[in-house]
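Q: Please take a close look at the charged side chains in this model, in particular how they are paired and where they sit. One connected account will do.

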Amino acid sequence: MEPTSLRNSAPPGRRLAFFTYLTIVILSAMAAAVPSAVQYGPKFLTLPFTFWLMLALACAADFRPFNATGPRQSVAVFPSICFAFAALLMWGLPAAVLIQTCATSVFAWRTRHSAWRGLFNISQYTLALTFAFGVLSLGPKIPLRDGTIDRHQVVLILLACAGWFATSHVLVATAVWLRFGGTWRQSLTTAIGSEGLAAFALLLLGPFLVAAAQVSGWLIPLIVAPLYAVYRVAGLSEDHERLSLLDPLTGLANRKALFTAVEDAITELRELPFDSQDRRLALVVLDLDRFKQVNDALGHAVGDRLLIEVGRRLATCVPADALVARLGGDEFAVLAPRITAQDTARDLARTVAKALADPVRLDGMPLDVASSIGIAVYPEHGDDFTTLLRHADVAMYDAKTRGDTIAVYKPESDHNSPARLGLLGDLRRSLETPGFGEVALYYQPQVDMGTGEVVGVEALLRWRHPVRGLVSPEELIKVAEHSGVMRLLTCRVIDEALAQLARWAEGGMRLRAAINVSVRDLHTTELVDYLAGRLAEYNVSADQIQLEITEGALMADPRRVLTTLQRLDRLGVALSLDDFGTGYSSLQHLRRLPLSEVKIDRSFVLGMSTDEDDASIVRSIIELAGALGLRVVAEGVEDERTWRWLVAHGCHVAQGWFYARPMPADELPRWLAKYRPPMLLRAVPNHPEAAS
Ligand code: C2E
Ligand code: MG
Ligand code: MG
């Protein structure tokens, strides 16, 4: 519903132009109508009963006219116009203007329109009737007092209707444009079809009223039935139009409405002068972090109530000119149509985050609805709705993976840039077509610090792109992770690693392999079935496999993968938390998830010998892992000093260039044959295997 403050006023910056225009329209209407009304003078008193009946019906009909929503409240679906048009045909302009003025005044009084709105409506109708009368006057015998209408007059009547509608529509569209902004063309074309149809349907009832009046004035009230039909159809189509733009659950705008609003706002911004301060708009997208759990645990009815409350909070916390929409599921968006800088968008996002920070109480139960928020700004991050929405989504996922609440779009986080899509295509081809580039695994030994023995290897992906050469696995994973190619890639890695373990076993080498998987691989339990199948096929025991999942990705939404982790655990496959220290693990999750190992991120291990903070982090991770009964692995051990320090501090396993770089599978047996454990061997405290 249009707020009262807007209904009867115009925004400050537009007032002068708007009210000047209004004054011109009102004065023109007076100039057109007053002289003929004065001339008509006493004839008003001689008008027949039929005229007064029509006037009464027009007022009654407009007492509750079809009330269109939105800025264009002056749309032409006022039933009174058919009576005014009939009066125009029968008794001339002053009689028609009188009917229209009375009916419009009734409407203005009933809807509490300000005086200027009422006057403007009366004036635009007066001018429309004047124009129509001018067209009709081109032919003879107007007014049609004898009630005969020949074919020439039918053509003139049609032209007069067109003239009426054109005048009214242009006058109203210009007022809307001056009052609400946008482009004049846009304002002119908005709803032109439906308004034109309704206006023609009503105006063309006019000649039938004329014909009916010739037979008997008592036929006139029968017009109420077709009028009611026009009214209902217009109402239904308006309802349909309105509902198609609303989200039925929350009553907020839906994706379609947001699309229109963003595209309109962009058109408006494009027309602003280049030095204008607020030539930006922000699209803020958010989704609730734990909505799925609420839905699963408490049922959809509670989930729905939660969404309604979130919608309410959003709608009340944003500025008046912002539009809140629900995109579907637990995804919402806020459009800030005019901002001066990206920081304003950040402030808006902070307000939104704050509004959602307090738990929602449903049936006395507090539900935590924290959200991740992504921001895309026009024109920096896109110049149409689709691009802005996609980029705001990318930013939102970026925020989620980093454990942040708010992120502004950065092209680096976009997995869909043309270069990345090209790489993804090539990767898919190389996975599906043998010979197109080479996907291979390198293996890096892992050494027990207590015994110096090689306890396993980590399988690391290598891809030689036919043109680009070696592509870093990190870049590759980033590209593949958000697509179906990730599943293909993980399956290939698992298959390859297990086949290799089987080959080594044939040669008498029983090794354990750590395989990296993406957290997305764990969203379904498909991976467990695949792994179980491969283990059986290659006759490899489950305890020879360990899956590594990076801490940041796992802890972003641990519950989502819990079922898969539990099934892997039951299968006997150990789980390792990779790059530990870079994510945000809660101790509760560390205790509850079926993990057997943490791998200290190599950035801390690499910095340890020079940075006291890094050394403290490594020390506390070793202590924490010891307290939780988890094996602790240090990766990135490059030198003897680091190795000694780690041995002294009770780290269980190490991996790094100090021992060996990742190597192709066929080099490993040679390396193993030559390998001699480093000399310092000490009992390692807290070693889980020592404890048992
Ligand atoms: P990660 O799992 O933490 O793997 C360890 C990374 O440290 C490897 O980088 C390894 O080559 C490197 N590294 C090992 N020792 C040292 C050292 O002493 N010094 C230094 N500077 N680096 C060392 P890489 O092979 O480039 O792999 C990078 C990341 O890509 C991996 O980190 C892992 O997260 C991901 N990745 C690799 N292969 C796969 C895979 O098959 N699947 C998935 N999902 N991710 C993979
Ligand atoms: Mg790893
Ligand atoms: Mg790592």
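A: The salt bridge between Glu-458 and Lys-599 has its closest N and O atoms 2.7 Å apart. Glu-458 belongs to strand 9 (residues 454-465) and Lys-599 to strand 14 (residues 597-600), so this pair ties together parts that are 141 residues apart in sequence. The model is a predicted one. Both partners are covered: Glu-458 counts as buried because its relative accessibility is 3%, and Lys-599 is buried with a relative accessible area of 0%. The pair also belongs to a network of salt bridges that links Glu-458, Glu-548, Lys-599 and Glu-635. Across the model, the count of salt bridges comes to 23.

Another of these pairs is Glu-526 with Arg-487, where the closest N and O atoms are 3.1 Å apart. Glu-526 lies in helix 21 (residues 526-538) and Arg-487 in helix 20 (residues 485-506), so the salt bridge ties together parts that are 39 residues apart in sequence. Here the side chains are not buried: Glu-526 is partly exposed, at 43% relative accessible area, and Arg-487 is partly exposed, at 46%.

A third salt bridge joins Arg-510 to Asp-543, with 3.3 Å between the closest N and O atoms. Its partners are in loops: Arg-510 in the one between helix 20 and strand 11 (513-516), Asp-543 in the one between helix 21 and strand 12 (545-550), so the pair ties together parts that are 33 residues apart in sequence. Arg-510 counts as exposed because its relative accessibility is 56%. Asp-543, at 49%, counts as partly exposed.

Glu-481 is a case without such a partner. It sits in helix 19 (residues 473-481). Glu-481 is buried and yet has no salt bridge; the nearest side chain of opposite charge is that of Arg-520, 6.3 Å away. A salt bridge requires a nitrogen-oxygen distance within 4 Å, so Arg-520 at 6.3 Å does not qualify. What Glu-481 does have is a polar contact of 3.0 Å between its side chain and that of Ser-518. Beyond its neighbours within four places in sequence, Glu-481 is in contact with Met-486, Ser-518, Val-519 and Arg-520. Ser-518 thus appears both as a contact and as the polar partner, while Arg-520 is a contact but not a salt-bridge partner.

Glu-195 is another buried glutamate, with a relative accessible area of 6%. It is found in helix 10 (residues 192-203). The side chain of Glu-195 makes a polar contact of 3.4 Å with the side chain of His-169.

For a view of nonpolar side chains, turn to helix 2 (residues 15-40), which holds Val-34. Leu-27, Met-30, Val-34 and Val-38 form a nonpolar patch on the surface, and together they have about 390 Å² of accessible area. Val-34 counts as partly exposed because its relative accessibility is 42%. The spacing has a simple background: an α-helix has 3.6 residues a turn, so residues three or four places apart point the same way.

Helix 14 (residues 291-298) offers buried residues, namely Phe-291, Gln-293, Val-294 and Asn-295. The buried residues of helix 14 pack against strand 1 (280-288), helix 15 (300-317), strand 5 (365-367) and helix 23 (558-571). After helix 14 comes Gly-299, with a positive phi near 95 degrees.

Note on methods. Residues numbered from 1 in each chain as written. Chains lettered and ligands numbered in written order. Predicted model: local features only at pLDDT ≥ 70, side-chain atom pairs only at ≥ 80, totals over all residues. Heavy atoms only, no water. Helix = DSSP H or I, 4+ residues; strand = E, 2+ residues; numbered from the N terminus. Buried < 20%, exposed > 50% of the residue type's maximum accessible area, 1.4 Å probe, protein only. Lys, Arg positive; Asp, Glu negative; His and termini not counted. Polar contact = N/O pair within 3.5 Å; in protein donor to acceptor, adjacent residues only side chain to side chain. Contact = heavy atoms within 4.5 Å. Patch = residues over 30% accessible without salt bridge, like charges linked within 9 Å, V, L, I, M, F, W, Y side chains within 5 Å. Areas by Shrake-Rupley, 256 points an atom, 1.4 Å probe, with all protein chains shown as cover.
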